[in-house]
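Got the viewer open? Let's take a short walk through this model, one selection at a time.

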There are 2 protein chains.
Amino acid sequence: MQHTESDQASETTRVFAALADETRWRILQRLGRSPASASGLASEFTVSRQAIAKHLAVLEACELVTSERVGRELRFSAAGSRLSAVGRALDAVGSGWDRRLAAIKEAAERPR
Amino acid sequence: MQHTESDQASETTRVFAALADETRWRILQRLGRSPASASGLASEFTVSRQAIAKHLAVLEACELVTSERVGRELRFSAAGSRLSAVGRALDAVGSGWDRRLAAIKEAAERPR
DNA sequence: ACATAATGCAACCATGGAGTTGCACTCGGT
DNA sequence: ACCGAGTGCAACTCCATGGTTGCATTATGT
């Protein structure tokens, strides 16, 4: 992508990008089972704690996880409602396409 | 059996990756309105025909578009049903997370 | 108060993928 | 038979980003 400065990718694609990384997706799934901190996750994964922290920052930026301070640690949880909302939006978009394309196809065959 | 929520070489993330690029997403949206060929799309976008062709290959690989030969051109259409299916799957996953996390939270507060 | 576990920040490297140009091939219509 | 539109393949550049290490900072529990 060659967008120079103000590369403002649509919010939609930002979310997809967040979900597109394998490690990040595994972290999210893990947080869907129970909350955890960056350090805690680091001991369960094979990547460094800093890598995990970056992933969490990305996920939090598009609200796929929420964080909460407890003691000296930052505890993260998956925001299932957010994912669900994205999913339902996708469903709606896909349905719209099918509806539209079906109409076009029928119109092309009608004047017979 | 490809559903057990902990299968790794995730087909899921492949789809996300396909949707994560701004240009590709715009192409998909365009194809959601009406079918078009690579060359046709190239005249509507600011990128080269080859770039478009690559995007179409990616989209077709994860079945987000379908192609059909007509005359000497390859005509692509958006597969709305595929997008909808992905969307509904996401919705389900998100709901599962919320349900699970709510149960944990309640369990932590119960024996008080 | 102090040791320690946790997070935060920065510089750096390496890979992948988006985009380009150039050229070869293949049909279809007149 | 031919010209050209449409496609396919390949080599190359560039940069965004996932990953690393090292160090600074914060703050908790005893």
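## First stop: the strands of chain B

Select strand β2 (residues 65-70) of chain B along with β3(B): the two run antiparallel and are joined by 6 bridges. (Helices, H or I of at least four residues, and strands, E of at least two, are DSSP runs numbered from the N terminus; two strands pair if DSSP finds at least two bridges between them.) In this pairing, look for B:Val65, which sits opposite B:Ala78. The hairpin leaves 2 residues between the strands, and B:Gly71 there has a positive phi near 65°.

Before moving on: this is a predicted model, where local features need pLDDT of at least 70, side-chain atom pairs count only at pLDDT 80 or more, and totals for chains, interfaces and linings use all residues. Residues are numbered from 1 along each chain as its sequence is written, while chains are lettered from A and ligands numbered from 1 in the order in which they are written.

Now add strand β1 (residues 36-37) of chain B, which pairs with β3 (residues 73-78) in the antiparallel sense over 2 bridges. Here B:Ala36 faces B:Phe76.

## Next stop: DNA strand D

Show the 20 residues around DNA strand D; A:Ser48, A:Arg72, B:Ser37, B:Ser39 and B:Glu73 come nearest. (Near means a C-beta atom, placed from the backbone, within 6 Å.) Which element gives the most to this surface? Pick α4(A), with 4 residues.

## Last stop: both chains

Lay chain B on chain A: a turn of 180° and a shift of 0.0 Å along the axis give an RMSD of 0.1 Å, superposed by least squares on C-alpha atoms of residues with pLDDT of at least 70 in both. That is how a two-fold axis relates copies. Finish at B:Gly87, whose C-alpha is the nearest to the axis in chain B, 1.9 Å away.

Methods:
Near = placed C-beta within 6 Å.
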